[in-house]
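Got your viewer open and a selection box ready? Here is a short walk through one chain, stop by stop.

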Amino acid sequence: MYKKMLMTPGPTPIPEKVNQRMAEGMIGHRSGDFTELMRRIKPKIKDVFGTKDEVAILSSSGTSSLEAAMVNLTAPDESVVVIVSGAFGARFEAIAKTYPYNVHTYEVEWGEAADPDDFKKFLSQLDNVKVVVSQACETSTAVLHPVTELGKIVKDYDTDALFIVDGVSSVGGMKFNMEESKIDCLISGSQKALMLPPGLAFVAMNQNARQKGRDNDIPRFYLDLNQYFDSLDKDTTPFTPAVSLIQGLEAVLDSIAEEGLENVFERHGRMRDMLRAGLEALDFELLVEEQYASPTVTAFKSSSDELSIIKDELKNNFGITIAGGQKHLKGQILRIGHMGYMFPADVILVLSALEGIVSKHRQKNYYGKAITKAQEVFFNDL
Ligand SMILES: Cc1ncc(COP(=O)(O)O)c(C=O)c1O
């Protein structure tokens, strides 16, 4: 028997309170109990998305929110720009190319963030772009894009162009203010910083985006967000939702409110800083420069041989699961998730395990090195 620790960038651990809430028992989705539940959830979830507008809840994985945003907010033959800096930008591009749109890809080196000046130049050379899409955190590289600067560029280009942001691995782990960042649509999924099992997708839209969704006659059915927002007005969902996940969502939103949103975001930032300092003390090269490092996931480089030893030994000796690289970063990086139900003590634990693993593998004494740096960050930040 051993204690398992899931430190992947999604799915993430579920708090006991949330598991208990999900196990309380089924309620009918057309019952007064469910409409009461939805009525309580609606205002609370807006805070996490940083909006005064409604947040639609779909019972499907995060990718459905990417596709729903795309197909509701882009009309046939319109031009869309997709920022691609990793696997999830590439997924958004693939979704856009499935539909009759003119898709322009803004390529960013994997591990780097979109450069606002360069992006502005790219956009200014295109005519009639109606939608721009970016990740906040590109989970495959652990980069956080400068979303607020990008949002401003989009609106300077055309005030009517819509800015869609994929917050699947960032909503709940960092502050969003949709209005300030000029985000028209912010999407997310349940299994990351929102501390739930996979299975819910979220789409927050401002009034401009809602109007575009109403005017857009591109065919869609399950992902027609008009139905979700219309139902939300009646405190319900258009189809049978994942009821237990929505029960768990209320427990998640309550615990976020109890800790305080600002404290939750501060905890994520601190875990990132502790982990980065510790990994550097172990002579790892970090994939992402400090300015663009996500508070929810951290990527580091080493030889593919060492990375595979680390991943296996963390799992086999300590019960800790972390993630490898995706696509062409496979074998080049490892990623440690630190979002949702994760705390500074978990960072100390993984760093301490890493000290032992690299000391043995490199035949060099790293004991105490990483946790010393991490503790210094923790206590200096207090
Ligand atoms: C940034 C980002 N977008 C989209 C997705 C896709 O979500 P899902 O796997 O739930 O469909 C993920 C999942 O890892 C993600 O991290």
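Which residue forms a salt bridge with K373? Select E376: its closest O atom and the closest N atom of K373 are 3.7 Å apart. A salt bridge here means a side-chain nitrogen of Lys or Arg within 4 Å of a carboxyl oxygen of Asp or Glu.

Before moving on, some ground rules. This is a predicted model, where local features need pLDDT of at least 70 and side-chain atom pairs count only at pLDDT 80 or more, while totals for chains, interfaces and linings use all residues. Residues are numbered from 1 along each chain as its sequence is written, and side-chain values use heavy atoms, with hydrogens and water left out.

Stay on that pair and show the cartoon. K373 and E376 are about one helical turn from each other, because they sit 3 residues apart in helix 13 (residues 369–381). Helices are DSSP runs of H or I with at least four residues, strands are runs of E with at least two, and both are numbered from the N terminus. K373 is partly exposed at 39% relative accessibility, and E376 is partly exposed at 38%. For those labels, buried is under 20% relative accessible area, exposed is over 50%, and partly exposed is in between (1.4 Å probe, protein chains only).

**Next stop: a salt-bridge network**

The structure holds 24 salt bridges. Now select R21, E24, R40, K44, E250 and D254, which salt bridges link into a network. Zoom in on R21 and E250, whose closest N and O atoms are 2.8 Å apart. This pair ties together distant parts of the chain: R21 is in helix 1 and E250 in helix 9 (residues 243–259), 229 residues apart. Are these two buried or exposed? R21 is buried, with a relative accessible area of 17%, and E250 is buried too, at 4%.

Slide over to K44 and D254, another salt bridge, with closest N and O atoms 2.9 Å apart. Here K44 in helix 2 (residues 32–49) meets D254 in helix 9, 210 residues apart. K44 is partly exposed with a relative accessible area of 27%, and D254 is partly exposed at 33%.

**Back to helix 1**

Pick V18, in helix 1 (residues 16–22). V18 is buried, with a relative accessible area of 1%. Add P197 and draw a C-alpha to C-alpha distance: you should get 9.9 Å, for residues 179 apart in sequence.

**Out to the surface charges**

Which residues gather in a patch of negative charge on the surface? Select D115, D117, D118 and E149. E149 belongs to helix 6 (residues 147–157) and is partly exposed, with a relative accessible area of 46%. Patches are built from residues with over 30% relative accessible area and no salt bridge, joining like charges within 9 Å and nonpolar side chains (Val, Leu, Ile, Met, Phe, Trp, Tyr) within 5 Å.

For the opposite sign, select K4, K311, K315 and K330, a surface patch of positive charge. K315 is in helix 11 (residues 304–318) and is partly exposed, with a relative accessible area of 36%.

**Last selection**

Color residues 22–327, which UniProt lists in an unreviewed entry as "domain: Aminotransferase class V"; such annotations may be inferred rather than shown by experiment. Over residues 22–327 the chain is 44% helix and 17% strand, with the end C-alpha atoms 35 Å apart.

Conventions. Areas by Shrake-Rupley, 256 points an atom, 1.4 Å probe, with all protein chains shown as cover. Lys, Arg positive; Asp, Glu negative; His and termini not counted. Charge placed at Lys NZ, Arg CZ, Asp CG, Glu CD.
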